[in-house]
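Open the model in a viewer and keep the selection tool at hand. The stops below are given in the order in which to select them.

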Amino acid sequence: MKKWVSLVAISAFLILPGFSQAEEEEKGKESVTVMEEVVVTATRVPTPTEEVGSSVTVITAKDIEAKGYTTVKDVLKGTPGLDVVSNGGPGQMTSVFLRGANSYHTLMLVDGVEMNDPTGMNRGFNFSNLTVDNIERIEILRGPQSPLYGADAMGGVINIITKKGKGKPRFYLGSEGGSYDTWREFAGASMGSERINASVAFSHNSSDGFSSADDDLPGNDEDDKWENTSASARLGFVLSENADLDFIGRFQDGRTHLDYGGGPYQDVEDYHVEERKVFTRAQAHVFAFDGLWEQTLAYGFADHDRDYKDDPWFNDFSYDGKKHEISWQNNLYLHETNTLTVGLEYEKEEMDDHEDLDESAYTHSVFVQDQIKLGGFSFTTIGLRYDDHEEFGSETTFRITQAFLLKDLGTKFKGSYGTGFRAPSLCELYYVNPWGGPGGNPDLDPEESEGWDIGIEQSLFNNCMTLGITYFYNDFDDLIIWDNGYNNVDEAKTRGIESFIKIMPFDDLSVCLNYTYTDTEDDDGKRLIRRPLHKAGLNTCYRFLERATANLDILYVGKRDDSYWDSMTFTTKDVVVDDYILVNLAGSFDICKGLQVFARIENLFDEDYNESYGFGTAGLSAYGGVKVTF
């Protein structure tokens, strides 16, 4: 813990002198408005953060650039209330847990397109190959969100919003290299005018990596390579002052070498998975009746392909999945104090394993939400949704949020209560056991949840400091597990505290400290695996000389329970994974206009740690590169 204490002390040393500078800069200035940013995910309507009663975190493109990370999973790691767990190095299976919920209870979106994989056992999303290309912001919404987003949003929603081109044509390209023979090439362009806007980004990543199976265990010394190609594009047309069209696309193609995950964990040569994902969306956006009626008609399509090859014990096998979404959202601006949203949705998911399973299921949905603003200090949102699934029938969910804003005091009280559900996946419904035993269960009920939170945020010292704390509670019922076939037999509870302090003594220095306490419990009274009881993060970002940026990230993750299947004894064994501290540094320097060099050091103190039992992690590593903009 000495490293942790010393680095906190260094950060404090940097902060304190800034207060006197900030006081001088603020003399004679009027106070700025608290929390001026706007979020979309919380209400599906652009809403100032100060008016949102839900717990939401926004990570901007500026934040991503300062940290220097190339994948979304690394960007998310320091977020309060969120845990990221990888089964090894680059490209390996990566899960995200929001407020202790299962990883597949988080709905993943990119510009409104659902990214959760219909071929997955639980329809979860694998973050392993998701890069930061062309991302304008990431919005993380916690708590049950099914009233707006339907199935899979029991724990929350992570929404990636891509960049919209603006201004004169701009181009960039660059390259980066570093430890584990890691290389990255990237390029992009953007432009925007009154009638058209466009942005496009491309990257290619490759790495020799390291053993996915923990190399602390004997015999695990084979490097597991990773290669990934990603592309993102957004094109918009302004047809008139009341109508526009948008076309969005994202593509990723990854190849990752794998090891066996059963105990004892072991290297496997040549065994690898090839994954290709395509996400597209076309939408028409229209205003009518002098802007009082806003309509968005959209079609989204997602295509998932996974091929497992060169397994020494089993034949090659493949999974193909598709999802179609049609939505019609109507925002009615009835009064400056009242916005009514009504929407219709149709979704169809498909799965083909090229063996025994070739199935599909559809869902019809209708939702309504009312946002009410009273007196400039009370902001209420009430939502209701009805989903009709082809197999299990109907499900109704609701959510209410409340925010009270005391602007003169810089104080915000917030709270929410809602319900959620997860429809059984196609695998859980229709899986065919190749050995002739129990398999899928068409009679499954949806998983259900209810959750609430309450919190307070306070701004101090002329907005140089903001702090907040939130208590949350979630109850999950009818969870689907493998119990002589798939059945609704499990339940769980999670509760805890999310807290943060953000200090900006002057514009070029920010320090963010957060702490999360997450207590989890299954129906046997045991803690849920891979969820730490304690987690803390510290980020310090300093911009200086008008051309340089330095960023410090410190992450503490407490001890976690874990388990694994012991293939030698054919039993499940429980283990405890040790806590760890990671320290990462990043920096950039603009040599001249259009030419930037950047570098980062990960795991500065070469911490020997595991995110999940039996899987390897990177040691001290360094990366650097150059970016040209013109």
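Select D523 first, in the loop that runs between strand 26 (509-522) and strand 27 (534-544). This is a predicted model. The relative accessible area of D523 is 37%, so the residue is partly exposed. Now extend the selection to D358, E359, E390, E391, D443, D445, E448, D478, E491 and D524: together with D523 they form a negative surface patch.

Next, a nonpolar patch. Select F377, F404, L406, L409, F413, W452, I454, I456, I469, Y471 and I497, which make up a nonpolar patch on the surface with about 940 Å² of accessible area together. Colour strand 21 (393-406), strand 23 (447-460) and strand 24 (465-482), since each of these supplies at least two residues of the patch. Which strand gives the most to it? Strand 23 does, with three residues. I497 belongs to strand 25 (residues 486-506). Its relative accessibility is 30%, so I497 counts as partly exposed.

From strand 23, move into the loop that leads to strand 24 and pick N462. N462 has 34% relative accessibility and therefore counts as partly exposed. Add P505 and draw a distance between the C-alpha atoms: N462 and P505 are 43 residues apart along the chain, and the separation in the model is 9.8 Å.

Go to K412 in strand 22 (residues 411-422). What is the nearest side chain of opposite charge to K412, and how far away is it? It is E457, at 4.7 Å; K412 is buried and has no salt bridge. The cut-off for a salt bridge is 4 Å between a side-chain nitrogen and a carboxyl oxygen, so this pair does not qualify. Show the backbone of V52 as well: its oxygen lies 2.7 Å from a polar atom of the K412 side chain.

Now the salt bridges, of which the whole structure has 38. Select R142 and E498, whose closest N and O atoms are 3.6 Å apart in a salt bridge. This pair links distant parts of the chain, with R142 in strand 8 (residues 135-142) and E498 in strand 25, 356 residues apart. Are these two residues buried or exposed? Both R142 and E498 are buried.

A second pair is E347 with K323, a salt bridge with its closest N and O atoms 3.3 Å apart. Here E347 sits in strand 18 (residues 338-352) and K323 in strand 17 (residues 317-335), 24 residues apart. E347 counts as buried because its relative accessibility is 16%, and K323 counts as buried because its value is 5%.

For a third pair, select D562 and R530, whose side chains meet in a salt bridge of 3.2 Å, N to O. D562 lies in strand 29 (residues 560-566) and R530 in the loop between strand 26 and strand 27, with their positions 32 residues apart in the chain. D562 and R530 are both buried. Then show D133, E176, R184, R600 and E602, which are joined into one network by salt bridges that share partners.

The last stop is S230, in strand 13 (residues 226-240). S230 has a relative accessibility of 4% and so counts as buried. Display the side chains around it: S230 makes a polar contact of 2.9 Å with the side chain of N228, and another of 3.5 Å with the side chain of T131.

Note on methods. Residues are numbered from 1 along each chain as its sequence is written. This is a predicted model: local features need pLDDT of at least 70, side-chain atom pairs count only at pLDDT 80 or more; totals for chains, interfaces and linings use all residues. Side-chain values use heavy atoms; hydrogens and water are left out. Patches are made of residues with over 30% relative accessible area and no salt bridge: like charges are joined within 9 Å, nonpolar side chains (Val, Leu, Ile, Met, Phe, Trp, Tyr) within 5 Å. Accessible areas come from the Shrake-Rupley method with a 1.4 Å probe; for residues, only the protein chains shown count as cover. Lys and Arg count as positive and Asp and Glu as negative; His and the chain ends are not counted. The place of a charge is taken as NZ of Lys, CZ of Arg, CG of Asp or CD of Glu. Helices (H or I, at least four residues) and strands (E, at least two) are DSSP runs, numbered from the N terminus. Buried means under 20% relative accessible area, exposed over 50%, partly exposed in between (1.4 Å probe, protein chains only). A polar contact is a pair of N or O atoms within 3.5 Å; within protein, one must be able to donate a hydrogen and the other to accept it, and residues adjacent in sequence count only if both atoms are side-chain atoms.
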